[in-house]
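Me: I'd like a close look at one part of this protein. Could you pick a single residue, start there, and work outwards through whatever surrounds it?

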Amino acid sequence: MNRTAVERMSDRELIVTRKFNAPAHIVFEAWSNPELFKQWWVPKSAGMSLISCDMDIRTGGTYRLAFSHPAFDQPMTFFGTYREVTPHKRIVWTNEESDQGAVTTVTFEESDGKTLVTFHELYPTEAALDEALAGSAEGLPEQFAQLDELLAERS
């Protein structure tokens, strides 16, 4: 079984890796097609819903994700810009909802029909990474497991 590895690489860097049993073009589609993305991005255990998912996945395009949770009065919104999109290879985006948002890079490396996904986040400060590790980053193994389930259905 493939395992998700979450590793703090420095005071400001987080790297998550997992190998998926699917070719890169299928894995990339799960990251770049809003309908597929909505099916795996939110950890089920979080009790949240992705109520809006606008993604213009191209270099210079933008995204906006809105989440609801029974404990929130208002939806939480995350947004940013795609700095680089290379189909089936790489996606780089900013997280602009605060000045503590990371720059996220996801790469897709295919070998023998399997794809190694490397999810790299670079935060502006050590405190921002600490906060992420105590919050949203905790859900990454579950998110990647959900992605694995989706890919198994599509491969």
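Reply: Let's start at T105, which sits in strand β7, residues 103–111. Bear in mind that this is a predicted model. Is T105 buried or exposed? T105 counts as buried because its relative accessible area is 13%, and the cut-off for buried is under 20%. Setting aside residues up to four places away in sequence, T105 touches R90, I91 and V92, along with T118, F119 and H120.

Follow one of those contacts, F119, and you get into the core. With neighbours within four places in sequence left out, F119 is in contact with L14, I15, V16, W31, W41, W93, T104, T105, V106, L140 and F144. The largest nonpolar core has 41 residues, and F119, W31 and F108 are the ones that touch the most other members. Helix α1 (residues 24–32) supplies the largest share of this core, with six residues. As a rule, nonpolar side chains in soluble globular proteins tend to be buried together.

Now step back to the sheet around T105. Eight strands form an open sheet in the order β1-β2-β8-β7-β6-β5-β4-β3, with antiparallel pairing. At the edges are β1 (5–8) and β3 (49–55), each of which pairs on one side only. On average, neighbouring strands in this sheet are turned by 20° against each other, ignoring direction.

Walk in from the β1 edge and you meet a hairpin, where four residues join β1 to β2. The two strands pair in the antiparallel sense over four bridges, with β2 covering residues 13–20. Within that pairing, A5 has T17 in β2 as its bridge partner, and R8 stands opposite L14. Moving on, β2 and β8 run antiparallel and are joined by eight bridges; here R18 stands opposite V117 in β8.

What lies across the sheet? Helix α1 lies across β2, β3, β5 (76–86), β6 (90–94), β7 and β8 (114–122), and runs at about 155° to β7, the strand we began with. Helix α4 (residues 140–154) also packs on the sheet, where it touches β1, β2 and β8, and its direction makes about 25° with that of β2.

α1 is mostly covered, with seven of its nine residues buried. Those buried residues are A24, I26, V27, F28, A30, W31 and S32.

The two helices also pack on each other, at an angle of about 120° and with their axes 11 Å apart. That angle makes α1 oblique to α4, and the crossing is right-handed. On the α1 side the meeting residues are I26, V27, E29, A30 and W31, while α4 brings F144, L147, L150, L151 and R154. F144 and W31 both turned up earlier as contacts of F119.

Just past this packing, S155 is found in the segment after α4. S155 is exposed because its relative accessible area is 53%, and the cut-off for exposed is over 50%. Still, S155 is in contact with N21, A22 and I26, leaving aside neighbours within four places in sequence. Looking back along the chain, S155 and Q143 are twelve residues apart in sequence and 18 Å apart in space, C-alpha to C-alpha.

Notes. Residues numbered from 1 in each chain as written. Predicted model: local features only at pLDDT ≥ 70, side-chain atom pairs only at ≥ 80, totals over all residues. Heavy atoms only, no water. Buried < 20%, exposed > 50% of the residue type's maximum accessible area, 1.4 Å probe, protein only. Contact = heavy atoms within 4.5 Å. Core = buried A, V, L, I, M, F, W, Y, C linked by side-chain atoms within 4.5 Å. Pairing = 2+ DSSP bridges. Axes fitted to C-alpha atoms, helices over the stretch in contact; angles between N-to-C directions. Parallel < 35°, antiparallel > 145°, perpendicular 65-115°, else oblique. Left-handed = near helix turned anticlockwise from the far one by under 90°.
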